[in-house]
Amino acid sequence: MIQYQISPINPNSHLFEVLLSFKSTPGQSYTLSLPAWLPGSYMIRDFAKNITQISAIGGKEQAIALTKLDKQTWSLQAVDEQVQVRYQVFAFDLSVRTAYLDSQRGFFNGSSTFLQVEELSELSCELIIQPSTVAAHNQWRVATGLMRAKETEKFKFGRYIADNYQHLIDCPVALGAFDCTEFTVEGVVHHLVFTSKHYGDTQRLADDMSKLCQHHINLFGEAPFKEYWFITHLQAQGFGGLEHKNSTILQASRFDLHNPEQTTADLTDNYKTFLSLCSHEYFHAWNVCRIKPKEFVPYNLKKESYTKQLWAFEGITSYYDDFSLYRTGLIDFENYLTILAKGATRVNRGTGELKQSITASSFDAWTKFYQQGPDAVNNIVSYYAKGALIALWLDLTIRSKANSQHSLDTLMRELWIHFGRTSTGTTEEDFINIANLLCGEDISSAFTHHLYSSERIDLSQELAN
């Protein structure tokens, strides 16, 4: 077992300290590395730049030399049967991706915090989360999707367990005097955690979220997790989310939450958008966290991992996030059509979709989508927004040709059964082949055209039917 210990040693200087320990073979070389990016956020982040100090010793406290091989990789040679690596991480990025620590709260993604021992990456990991020694932090608690050791109670500092390194970095951790509201769907306890003070109606949110979670579980037929965590950073302004297998990190404005003084009829557009964000990230627990492109099986987090399929994993998810609000009665049909129209307008308002196909947008996400220039609207198309329109086309096409016996729901269930459950990566042809079977005829030509052409997608005929 690889052992990690993390401590918030200096909140005012935004420093975590990590102690990494593992059994070693004397004389053997080991490679330590930190990912350059994290799943769900397709841009090189170079997390290792935030490591400020690093050193290593053997079991008898003999110093071990660390040789830096590149911007994120070190090597060492064991001198005895134990290695301890101690390093500090500067944590001052309150986003959904990296790490943050101050006098109010702490947060970290493992991908930006925990060095991997590459030769031992499949071993199980133990993480000891230490409390802050600052007296004002004695009310801090822990929120994470990591498995708790038997002696560690929910929300408590202590020992947590991961199956391997990939599991460890897939479970972000929030620290602080946060509030948490729980609800249960299909026997799965869901947690709504807000890492800063707010005055939102959390019970109303729990009621609404339970409907969305029930919808997604029903769609796929099962929940692939034993518990789920919605962890939200609330700020004056902000919006975004990042998916994980049994949790999500969200960023939103304090004003996005429903005010308990308002009536049900007073639901704001901001609150509906926050529900859509939660719906989107929860859907990802199936679609991209488990059903994923073959290029991501396994992930190579050292460098860019290119795929043409992000239109499916983000676009289909974007289609379902708002559609599920309508299906569960959280918005009415007119409201849904307005949201749909706004989505189409976002695609059509620029000339980008006339220059870039949706598959090219997926492939070039690393630079053109995640590092957009001022001319982006006229040169690129969003695989989120246009991907959602292709998902709508696919749903309406399947329904029409299958006489409403099948739909995009059926396709997603087939993907889950044959690819998600089995951890088998998908290809573009898998989507096309399943669609052909459900339609009872070959729609490959039209499907491929929508994926590879840089033309506007016309849905007037499908919508009229």
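This passage walks through some features of a predicted model, from its interior to its exposed loops.

We may begin inside the protein. The largest nonpolar core brings together 141 residues, and the members that touch the most others are Tyr 4, Phe 114, Met 209, Phe 230, Leu 411, Met 412 and Phe 447. Phe 447 gives a good view of how such a residue is surrounded. Apart from neighbours within four places in sequence, Phe 447 is in contact with two tryptophans, Trp 311 and Trp 393, and with Ile 390, Leu 394, Phe 431, Ile 432 and Ala 435.

Enclosed space can also be searched for. One cavity of 30 Å³ or more was counted, and the largest cavity holds about 30 Å³ of space. Its lining is made up of Ile 2, Tyr 4, Gln 116, Val 117, Leu 120, Ser 121, Leu 123, Cys 125 and Tyr 165. Two elements, strand 1 (2-10) and strand 11 (116-117), each give two or more residues to this lining. Sorted by class, the lining residues are seven nonpolar and two polar, with no charged residue among them. Tyr 4 appears here as a lining residue, and Tyr 4 was also named above among the core residues that touch the most other members.

Several individual residues help to fill in the picture, starting with buried ones. His 191 belongs to strand 18, which covers residues 188-194. With a relative accessible area of 0%, His 191 is buried. What surrounds His 191, once its neighbours within four places in sequence are set aside? The contacts are Lys 154 and Phe 155, then Cys 180, Thr 181 and Glu 182, and finally Glu 227, Tyr 228, Trp 229 and Phe 230. The last of these, Phe 230, is also one of the core residues with the most contacts to other members.

Arginine carries a charged side chain by class, and two arginines of this model are worth a visit. Arg 204 lies in helix 2, residues 202-220. Its relative accessibility is 15%, so Arg 204 counts as buried, the cut-off being under 20%. The side chain of Arg 204 is joined to that of Asp 208 by a polar contact of 2.7 Å.

Arg 290, in turn, sits in the loop between helix 3 (269-283) and helix 4 (310-327). Is Arg 290 buried or exposed? Arg 290 is buried, because its relative accessible area is 14% and burial means a value under 20%. Beyond its neighbours within four places in sequence, Arg 290 is in contact with Pro 224, Phe 225, Lys 245, Ala 285, Trp 416, Phe 419 and Gly 420. One of these partners, Ala 285, has its backbone oxygen 2.8 Å from a polar atom of the Arg 290 side chain. Leu 463 is 173 residues away from Arg 290 along the chain, and the C-alpha atoms of the two are separated by 31 Å.

The loop between helix 3 and helix 4 also contains Pro 298. The peptide bond leading from Val 297 to Pro 298 is cis, with omega near -5 degrees. Most peptide bonds are trans, and most residues other than glycine have a negative phi.

Positive phi values are found at two residues that are not glycine. Asp 46 has a phi of about 55 degrees and lies in the loop between strand 3 (29-33) and strand 4 (51-58). With a relative accessible area of 26%, Asp 46 is partly exposed. Glu 61 has a phi near 60 degrees and is found in the loop between strand 4 and strand 5. Glu 61 counts as exposed, at 65% relative accessibility.

Other loops hold exposed residues too. Ala 65 is placed between strand 5 (63-64) and strand 6 (67-70). Why does Ala 65 count as exposed? Its relative accessible area is 61%, and exposed means over 50%. Not counting residues up to four places away in sequence, Ala 65 touches Ser 75 and Leu 76. From Ala 65 to Val 79 there are 14 residues in sequence and 10.0 Å in space, C-alpha to C-alpha.

Asn 403 lies in the loop between helix 8 (385-401) and helix 9 (408-420). Asn 403 is exposed, with a relative accessible area of 62%. Thr 184 is 219 residues from Asn 403 in sequence, and the C-alpha atoms of the pair are 35 Å apart.

Notes
Residues numbered from 1 in each chain as written. Predicted model: local features only at pLDDT ≥ 70, side-chain atom pairs only at ≥ 80, totals over all residues. Heavy atoms only, no water. 1 Å grid on protein atoms, 1.4 Å probe; cavity = no way out; pocket = protein on both sides within 12 Å on 5 of 7 lines; lining within 4 Å. Points joined across faces, edges and corners; volume = space filled by probe spheres on them. Helix = DSSP H or I, 4+ residues; strand = E, 2+ residues; numbered from the N terminus. Core = buried A, V, L, I, M, F, W, Y, C linked by side-chain atoms within 4.5 Å. Buried < 20%, exposed > 50% of the residue type's maximum accessible area, 1.4 Å probe, protein only. Contact = heavy atoms within 4.5 Å. Polar contact = N/O pair within 3.5 Å; in protein donor to acceptor, adjacent residues only side chain to side chain.
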